[in-house]
Amino acid sequence: MDLFEKSSSPDTNKPLAVRLRPETLSEFVGQEHILGKDCLLRRAIKSDRLSSLILYGPPGSGKTSLAWCISKVTQSHFVWLNATTSNVEELRTQIAQAKHRKSSSGRKTILFIDEIHRFNKAQQDVLMPDVEEANVILIGATVQNPFFSIVSPLISRSLILELKPLSKENILKILAFALRDKRRGLGNMRIKAQRKALSFLAEVCDGDARRALNALEIGILTSSPAQDGFIHFNLKLAQESIQKKIVLYDKQGDAHFDTASAFIKAMRGSDPDAALYWMAKMLYAGEDPRFIARRICILAAEDVGNADPLALVLANAALQISEFVGMPEARIPLAQAVIYVASAPKSNASYLAINKAYQDVEKQRLKEIPEYLKDASYPGAASLGRGEEYKYPHDYKGHFVNQKYTPHTVKYYEPTDIGYEAKIKQRLERLKSVKKRSSARGPGQNR
């Protein structure tokens, strides 16, 4: 009996999370934003007018359960495939059968493909003609952002629905149903479940109903009844059952990029606590500490800059140390660098300056280097006039001399009044005044 075979007596050998899949839309918990009373998806399912769609969301949010509901409500033939075990040959076979079914009886076929992101481009392309001609109604389920993992033609022909992690209240409702239901759940067993234990599972499962149900089931099935004849599912048993939290963090998907983005923006926004939280998530999920250290270095230069030059020094030190010591100790210097960089005064003047200079080089005609600025260190350079009339700044008062270093006037760096950069601004203003006085006196008078 496969996952979607209909049976009035559920197989008790199946996991609790499978047995409890909702059989009607009224049993489905959560995702009100797509399954509310007047929502398009609910109306389409009830009227059997479903078009191809992609269900996108984290594990345990109800993607497969929703497909199970559709199989119960819809009048279409239902085919379930898993992309991890299926192949092109099986796809072609199922599509051929769907076309025959449609032509002979007029009955539609819903093709549910779990983990559709596992199919490569060629496998996804096989679906295109028959999705286009409505020979099958595709329902794909994926934990990855479909705009990254699904080919564009298939995206354009499908309704994309994002499922959210279930709320704590949603999980508690599902756990209560599991303990109460006698046909599919644990209702025939004598169980006393502490509210604290269920609340703990609902909190640490991170919106993953499957994980919460698995923990509840393993905790109860591996426990013996107490003297009163009841199995006591308490907080200690709940903690033992769920073990280490699994963090959804695909290093090639949007969970990776979204978390890194939040991490960077928290540092830029001078919130060290938020930055530490997102870094902790990345490290807990197994992110390379060197990736994190590189992000800190980039932000120290781009967003702190000369407002606090020590930020880049500390970030670079954290990068080198993290490469040297590795995890778990690397989290300590990384945390120090994150706190310093996030707390430092901010200036993106250096970042803006190099962007302006880069645009000039890219879009304008390149300027000739003045002869007195060219390299004069090699034999014969003097005969070419290289280095003549160059003024060596250290030979002048204040180690500065009024001299042009580009043939045209440019202005890229505009220091702010924030942090150490305020001192840089003051010095540049003083040098600017020296230039003006020197120009007024004429050449050779500022030694």
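# A tour from the central sheet outwards

Begin by selecting β3, where T109, L111 and I113 point one way from the strand while I110, F112 and D114 point the other way, and where all of these residues are buried. As you look, keep in mind that this is a predicted model. In a regular strand the side chains alternate between the two faces of the sheet. Of the 6 residues of β3, 6 are buried, so the strand is largely enclosed by the rest of the structure.

Next, widen the selection to the sheet around this strand. What is the order of the strands in this open sheet? Its 5 strands follow one another as β2-β3-β4-β1-β5, and the pairing is parallel. At the edges stand β2 (77-82) and β5 (159-162), each of which has a single partner strand, so one side of each is left without a neighbour in the sheet. If you turn the view, you can follow how neighbouring strands are turned against each other by 15° on average, with direction ignored.

Now look at the two partners of β3 in turn. On one side, β2 and β3 pair in the parallel sense over 6 bridges, and here you can select W80 together with F112, its bridge partner in β3. On the other side, strand β3 (residues 109-114) is joined by 5 bridges to strand β4 (residues 137-142), which runs parallel to it. For this pairing, select L111 and then L138, its bridge partner in β4.

Then bring in the helices, starting with α4 (residues 63-73), which lies across β1 (53-56), β2, β3 and β4 and runs at about 165° to β3. After that, move to helix α5 (residues 88-105) and select L91, which has its place there. Is L91 buried or exposed? With a relative accessible area of 0%, L91 is buried, since the limit for that word is under 20%. Leaving aside its neighbours within four places in sequence, L91 is in contact with L81, L111, I113, F119, Q123, V126 and L127, and two of these, L111 and I113, are residues you met in β3, pointing the same way from that strand. L91 and L81 stand 10 residues apart along the chain, and their C-alpha atoms are separated by 8.6 Å.

From here, go out to the surface and select F147, F148 and F257, which form a nonpolar patch with about 380 Å² of accessible area together. Of these, F257 lies in helix α13 (residues 254-268), and at 47% relative accessibility it counts as partly exposed.

The last stops are in loops, and each concerns the backbone. In the loop between α13 and α14 (272-284) you will find S270, which has a positive phi of about 60° although it is not a glycine; with a relative accessible area of 39%, S270 is partly exposed. A134, in the loop between α6 (121-132) and β4, has a phi near 60°, again a positive value in a residue other than glycine, and at 44% relative accessibility A134 counts as partly exposed.

Where, finally, is P328? P328 has its place in the loop between α16 (310-325) and α17 (331-343), and the peptide bond that leads to it from M327 is cis, with omega near 10°.

Methods:
Residues numbered from 1 in each chain as written. Predicted model: local features only at pLDDT ≥ 70, side-chain atom pairs only at ≥ 80, totals over all residues. Heavy atoms only, no water. Pairing = 2+ DSSP bridges. Helix = DSSP H or I, 4+ residues; strand = E, 2+ residues; numbered from the N terminus. Axes fitted to C-alpha atoms, helices over the stretch in contact; angles between N-to-C directions. Contact = heavy atoms within 4.5 Å. Patch = residues over 30% accessible without salt bridge, like charges linked within 9 Å, V, L, I, M, F, W, Y side chains within 5 Å. Areas by Shrake-Rupley, 256 points an atom, 1.4 Å probe, with all protein chains shown as cover. Salt bridge = Lys/Arg side-chain N within 4 Å of Asp/Glu carboxyl O. Buried < 20%, exposed > 50% of the residue type's maximum accessible area, 1.4 Å probe, protein only.
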